[in-house]
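These entries record what I looked up, in the order in which I took up each topic. I began with a single residue and worked outwards from there.

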There are 2 protein chains.
Amino acid sequence: MNTPLIEKTCGVADSRAVAAKLAALSHPARIEILRHLSASRSCCCREVVDHLDLAQSTVSQHLKILVDAGLVRYEPDRQRSRYQVDGDALADVSASLAALVNSCCSGR
Amino acid sequence: MNTPLIEKTCGVADSRAVAAKLAALSHPARIEILRHLSASRSCCCREVVDHLDLAQSTVSQHLKILVDAGLVRYEPDRQRSRYQVDGDALADVSASLAALVNSCCSGR
DNA sequence: TTCGTTCATCGCCTATCGCCGATAGACGAT
DNA sequence: ATCGTCTATCGGCGATAGGCGATGAACGAA
């Protein structure tokens with residue numbers, strides 16, 4: 001909820017990292033998935049499929065992208081799969097963007 | 001700097017809009033461009049080219065993407081072009097992401 | 001065992017991205 | 001008028017994204 005440490009470095013590597021996280025968020029379906037995951041507790045792939053009107057394989061790939069980006073946690077549970085939003089990671093991304101925006105607007 | 005109105009709708013159209021803005025930000029070169037634009041006052045295309053080690057046409061396209069997304073203002077000035085960060089629009093994106101993250105973490 | 005369900009992965013296809021060089025328009029300077 | 005500079009845009013290229021159906025593994029139920 002708060003920017004823990006205001007980074008002044010702003011290197012190119014930083015840009016890459018931030019861009020990668022934002023890329024994972026830059027698709028309507030993935031944002032919808034995040035919303036659904038946070039709203040419901042069950043979080044299995046099938047449920048997201050029913051909610052989203054996309055093929056199961058497509059949803060699975062979107063989920064994988066979110067997991068690879070570190071924004072969603074994955075845990076296999078019997079034949080089901082359990083996906084859960086990583087609130088801390090999500091907050092980090094938001095904080096990174098806020099820091100970028102802040103540094104862009106400070107000298108204005 | 002503050003979320004003007006906390007939106008509770010969270011519709012799919014909303015997801016599209018947010019995703020589009022984030023997509024414009026999800027490239028290292030464009031983030032670097034934003035940083036450079038905010039750091040310097042001049043903001044002509046050539047300067048960004050010198051700073052970024054990319055072809056002029058490529059930089060021009062990145063700038064166009066940022067302008068189309070509404071994150072950078074464009075104003076032709078003689079034979080130069082003037083690009084300037086739209087701080088308010090950038091703040092809006094940051095606020096939108098923060099709202100999304102907040103809604104995802106509230107029920108936890 | 002056999003069937004049904006759930007899921008991740010593979011292969012394929014199309015559309016878009018990201019990059020570049022080339023080009024043409026606009027404009028200041030000579 | 002001519003030259004040099006700065007831009008935006010076009011066309012082409014390879015790589016990636018995003019979609020789908022099919023498939024096989026895993027597992028519970030009958």
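**Entry 1: Ser38(B) and its surroundings**

I looked up the contacts of Ser38(B) and, leaving aside residues up to four places away in sequence, found that it touches Ser103(A), Cys104(A) and Val85(B). I note at the outset that this is a predicted model. I then checked the secondary structure and found Ser38(B) in helix H2 of chain B. I also looked for a polar partner: the side chain of Ser38(B) reaches the backbone oxygen of Arg35(B) at 2.9 Å.

**Entry 2: The helix pair**

How far apart are the axes of H5 of chain A and H2 of chain B? I found 8 Å between the axes, with a packing angle of about 30°. Helix H5 covers residues 87–105 of chain A, and helix H2 covers residues 28–39 of chain B. Angles under 35 degrees count as roughly parallel, and H5(A) and H2(B) are therefore roughly parallel to each other. I listed the residues that make this contact: H5(A) contributes Leu100(A), Ser103(A) and Cys104(A), while H2(B) contributes Ile31(B), Leu34(B), Arg35(B) and Ser38(B). By class, I recorded four nonpolar, two polar and one charged residue in the contact of H5(A) with H2(B).

**Entry 3: The interface of chains A and B**

I next turned to the whole interface. I noted 38 residues of chain A in contact with 38 residues of chain B. The two chains bury about 3000 Å² between them, and 68% of this is on carbon and sulfur atoms. Which residues of chain A lose the most area to chain B? I found Arg35(A), Leu100(A) and Cys104(A), which together make up 18% of what the chain A side buries. Leu100(A) and Cys104(A) also belong to the helix contact in Entry 2.

**Entry 4: DNA strand C**

I counted 21 residues around DNA strand C, of which Arg46(A), Tyr83(A), Ala55(B), Thr58(B) and His62(B) come nearest. Of the strand C atoms that come within 4 Å of the protein, sugar and phosphate account for 68%. I then recorded polar contacts to phosphate oxygens of this strand. A polar side-chain atom of Tyr83(A) lies 2.2 Å from one, and a polar backbone atom of Arg46(A) is 2.4 Å from one. For Arg30(B), I noted a polar side-chain atom 3.3 Å from a phosphate oxygen.

Which elements each supply at least two residues of the surface near strand C? I listed helix H3 (45–52), helix H4 (56–68) and strand S2 (80–85) of chain A, together with helix H4 (56–68) of chain B. The residues of this surface divide into six nonpolar, eleven polar and four charged.

**Entry 5: DNA strand D**

I found 22 residues surrounding DNA strand D, the closest being Thr58(A), His62(A), Cys44(B), Arg46(B) and Tyr83(B). Sugar or phosphate holds 65% of the strand D atoms within 4 Å of the protein, and the rest belong to bases. Among the polar contacts, I noted a side-chain atom of His62(A) at 2.4 Å from a phosphate oxygen and a backbone atom of Ala55(A) at 3.1 Å from a phosphate oxygen. I also recorded a contact to a base: an N or O atom in the side chain of Gln56(B) is 2.9 Å from a base nitrogen of strand D. The elements giving two or more residues to this surface are H4 of chain A, together with helix H3 (45–52), H4 and strand S2 (80–85) of chain B. I closed the entry with the classes near strand D: six nonpolar, eleven polar and five charged residues.

Terms used
Residues are numbered from 1 along each chain as its sequence is written. Chains are lettered from A and ligands numbered from 1 in the order in which they are written. This is a predicted model: local features need pLDDT of at least 70, side-chain atom pairs count only at pLDDT 80 or more; totals for chains, interfaces and linings use all residues. Side-chain values use heavy atoms; hydrogens and water are left out. Axes are lines fitted to C-alpha atoms, for helices over the stretch in contact, and angles run from 0 to 180 degrees between N-to-C directions. Helices (H or I, at least four residues) and strands (E, at least two) are DSSP runs, numbered from the N terminus. Angles under 35 degrees count as roughly parallel, over 145 as roughly antiparallel, 65 to 115 as roughly perpendicular and the rest as oblique. Contact means heavy atoms within 4.5 Å. Ala, Val, Leu, Ile, Met, Phe, Trp, Tyr, Cys and Pro count as nonpolar, Asp, Glu, Lys and Arg as charged, and the others, Gly among them, as polar. A residue is near a molecule or strand if one of its heavy atoms lies within 4 Å of it. A polar contact is a pair of N or O atoms within 3.5 Å; within protein, one must be able to donate a hydrogen and the other to accept it, and residues adjacent in sequence count only if both atoms are side-chain atoms. Buried area is the accessible area (1.4 Å probe) that two parts lose on being put together, summed over both.
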